[in-house]
Amino acid sequence: MGLAALYNAVPRIASRWNGEWFEPTALLARVAGVATLAGVLGFAWWCADGHLPLGALVLLLATALMIVVERTRAAAWPGAFSAGVLAVAATCARWVALHGDAGTYLDHLTLSHLLATVVAVIVVRREQPAGVSWWRHDATGVVAAAAVAWWAATAGLAVVDGTAPAAHFALVALDVVLVLGTAILAGWPQLVPAAAAASIVFAASWHARFFDDETAVVGVVADAIVYVTFLALPFVVVRTRDAGWKATPAPWLASALIGPATFLLFYDAWVQLAGRAWVGVVPVAMAASSVAALYGIAREFAPSADELGARRRLDYLALFAAIALGFVATAIPLQLERQWITVGWALEGAAVWWLFGRLPHPGLKYFGVLLFGAVGVRLLANPEVLRYEPRGWPILNWLLYTYGVPAACSLAGAWLLQRAERARGPDPHRDVLPGDRRLLAPAAGLLGVLLVFWLINLEIADYYSAGRYVEVDFSRYLARDLTRSFAWGLYALILLGVGIWRVVRGLRLVALAFLLLTVAKVFLYDLGQLTGLYRIVSFLALGLSLILVSLLYQRFVRRPGDAA
């Protein structure tokens with residue numbers, strides 16, 4: 001250490017007197033200084049795996065750090081300070097990892113964090129040459145020291161016994177504060193997602209190993225601090241210090257995504273402490289926080305005539321809105337069950353497409369598609385739906401709202417989506433899938449029509465069922481078969497009438513398809529059970545119905561030269 005201090009002090013001593021005598025050997029002296037610094041660091045690294053006393057380690061590292069500060073005060077070599085700090089921090093972390101046990105590791109860990117704090121103080125207070133920004137050479141050193149300290153703290157979770165969790169979280173919080181402080185002072189908002197990810201990794205690792213009834217308060221408070229800090233950080237910085245953060249997506253993405261990243265931690269804590277009762281409170285509360293952030297986005301990013309500014313505002317509004325809606329969609333299956341999950345998703349799907357009319361971002365449109373797709377699968381392709389509830393009154397039973405509410409939401413959603421797309425004009429966003437402006441709204445409307453059709457069949461099956469639950473029976477039974485055929489035909493005629501009234505070609509085609517299905521069923525299935533006068537009357541009634549449909553279609557739909 002004496003040799004290292006001597007050789008590295010020569011340039012400063014020479015600068016105080018006439019340095020002409022120093023010039024012939026300046027390069028050799030600098031090389032010797034670097035070599036002795038490397039010797040100190042190498043010696044410390046080599047001794048770290050032995051029983052090096054703590055005092056000796058501190059002396060070696062302090063000497064090395066002072067030399068690094070001295071040799072980089074003129075910032076002659078970009079990155080030299082950061083490289084030297086990284087070497088010192090890595091040596092310190094190695095000693096801590098090799099000498100700590102369950103009882104001493106947390107105490108030794110403070111050494112790495114003290115080093116990171118000292119580096120930050122040095123960087124903030126040291127002078128830089130004129131015209132050189134301090135962060136170009138020094139800020140990465142703070143980040144490097146904090147990153148190494150964080151690694152030592154996270155790796156220590158495998159060693160410590162879980163006592164003093166508040167102290168462990170406080171040390172990691174110091175690392176995060178150093179990184180975020182560097183991001184604010186140096187104008188590096190890109191560091192915010194990295195700090196958020198590091199916080200989540202440590203918190204999740206700690207929860208997996210130590211979370212229990214005794215440490216629950218500390219764990220939940222720490223998670224809440226992480227969540228609130230990163231959620232509010234860009235809003236606070238933009239208002240109080242650096243408005244330039246508006247143009248960088250990184251902190252806003254971290255603010256929006258910190259909720260989904262911490263959700264499992266809060267959910268697991270709630271389940272362990274309070275059970276699954278009212279567990280939906282967790283996503284609902286986080287949805288409320290995202291809505292508050294959405295309000296802040298609307299205030300911070302005012303409507304702009306600039307295309308880039310308007311696009312950024314729309315993207316951020318849609319992002320926070322999607323996060324809030326995602327939490328609501330998560331709360332529904334957590335808190336509700338069976339048919340209420342489907343009803344909740346259907347209502348949310350209609351709400352999402354209403355919001356799309358206010359915030360025309362494609363992400364909201366496709367989120368609604370996912371919700372209605374889940375509704376369709378659960379109601380049309382899930383045989384277990386018939387076992388959700390026992391049979392009740394005819395017609396006025398649980399089937400009516402289970403299928404009726406989603407059907408109404410699908411039809412309303414189709415109308416809202418179509419209205420929103422018409423309001424946007426003929427020029428859709430470039431990132432909208434080709435053709436979806438023609439397909440998504442009709443697809444949602446078709447889902448509503450199919451849900452009503454399936455509801456009609458289930459209500460008929462329920463009326464003729466004899467057991468505890470609804471039974472879909474395909475065996476021949478004349479009364480049930482004729483009732484079903486009559487209902488199909490009536491439904492087809494109603495759809496045709498609505499299609500003619502509202503001038504909706506797609507609905508008319510669907511009505512004709514149902515009518516053809518009814519005709520096929522009557523001719524190929526029902527009439528096989530009828531004889532004599534009943535068969536003749538059935539033929540006459542079917543023929544009259546088809547003639548009536550033909551006349552209506554020809555009178556109100558077909559025009560000379562028009563398509564069907």
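**Exercise 1. The largest pocket**

Identify which helices each supply at least two residues of the lining of the largest pocket, and then describe that lining by class.

Solution. Helix 16 (398-423), helix 17 (436-464), helix 18 (478-502) and helix 19 (505-526) each supply at least two residues of the lining of the largest pocket. This is a predicted model, and the steps that follow are computed from it. Among these helices, helix 17 gives the largest share of the lining, with six residues. The lining as a whole has 20 residues, and those that lie nearest the centre of the pocket are Leu411, Ala414, Gly445, Val504 and Leu507. Sorted by class, the lining residues are 15 nonpolar, three polar and two charged, and the volume of the pocket is about 710 Å³.

**Exercise 2. The largest cavity**

Find which residues line the largest cavity, and state how they divide by class.

Solution. The structure holds one cavity of 30 Å³ or more, and the volume of the largest cavity is about 30 Å³. Its lining consists of Leu106, Val160, Gly162, Thr163, Pro165, His168, Trp206 and Phe210. Helix 8 and helix 9 (191-210) are the elements that give two or more residues to this lining. By class, the lining of the largest cavity divides into five nonpolar residues, three polar and no charged.

**Exercise 3. Helix 5 and the nonpolar cores**

Compare the reach of helix 5 with the expected value, list its buried residues, and then turn to the residues of the largest nonpolar core that touch the most other members.

Solution. Helix 5 spans residues 105-125, and its 21 residues reach 31 Å from the first C-alpha to the last, close to the 30 Å expected at 1.5 Å a residue. The buried residues of helix 5 are Tyr105, Leu106, His108, Leu109, Leu111, Ser112, His113, Leu115, Ala116, Val119, Ala120 and Val123. In reading such a list, one may recall that an α-helix has 3.6 residues a turn, so residues three or four places apart point the same way.

The next step is the core. Of the 133 residues in the largest nonpolar core, those that touch the most other members are Leu109, Val119, Phe230, Ile258, Ile297 and Tyr403. Apart from this core lies another, of 13 residues, among them Val449, Phe453, Leu507 and Val549. Leaving aside residues up to four places away in sequence, isoleucine 297 touches Phe235, Trp252, Tyr316, Leu317 and Phe320.

**Exercise 4. Positive phi in two loops**

Locate isoleucine 395 and valine 503, and decide how exposed each residue is.

Solution. Most residues other than glycine have a negative phi. Isoleucine 395, although not a glycine, has a positive phi of about 70°, and its place is in the loop between helix 15 (362-380) and helix 16. With a relative accessible area of 47%, isoleucine 395 is partly exposed. Valine 503 likewise has a positive phi, near 55°, and is found in the loop between helix 18 and helix 19. Its relative accessible area is 64%, and since exposed means over 50%, valine 503 is exposed.

**Exercise 5. Glutamate 300**

Is glutamate 300 buried or exposed, and which residues does it touch?

Solution. Glutamate 300 lies in helix 12 (residues 281-300). Its relative accessibility is 12%, and because buried means under 20%, glutamate 300 counts as buried. Not counting residues up to four places away in sequence, glutamate 300 touches Val238, Arg239 and Lys246. The C-alpha atoms of glutamate 300 and lysine 246 are separated by 8.7 Å, although the two residues are 54 residues apart along the chain.

Methods. Residues are numbered from 1 along each chain as its sequence is written. This is a predicted model: local features need pLDDT of at least 70, side-chain atom pairs count only at pLDDT 80 or more; totals for chains, interfaces and linings use all residues. Side-chain values use heavy atoms; hydrogens and water are left out. On a 1 Å grid over the protein atoms alone, a cavity is a set of points where a 1.4 Å probe fits but cannot get out, and a pocket is an open set with protein on both sides within 12 Å along at least five of seven lines; lining residues have an atom within 4 Å of a point. Grid points are joined across faces, edges and corners, and a volume is the space filled by probe spheres set on the points. Helices (H or I, at least four residues) and strands (E, at least two) are DSSP runs, numbered from the N terminus. Ala, Val, Leu, Ile, Met, Phe, Trp, Tyr, Cys and Pro count as nonpolar, Asp, Glu, Lys and Arg as charged, and the others, Gly among them, as polar. The expected span of a helix is 1.5 Å times one less than its number of residues. Buried means under 20% relative accessible area, exposed over 50%, partly exposed in between (1.4 Å probe, protein chains only). A nonpolar core is a set of buried Ala, Val, Leu, Ile, Met, Phe, Trp, Tyr and Cys residues joined through side-chain atoms within 4.5 Å. Contact means heavy atoms within 4.5 Å.
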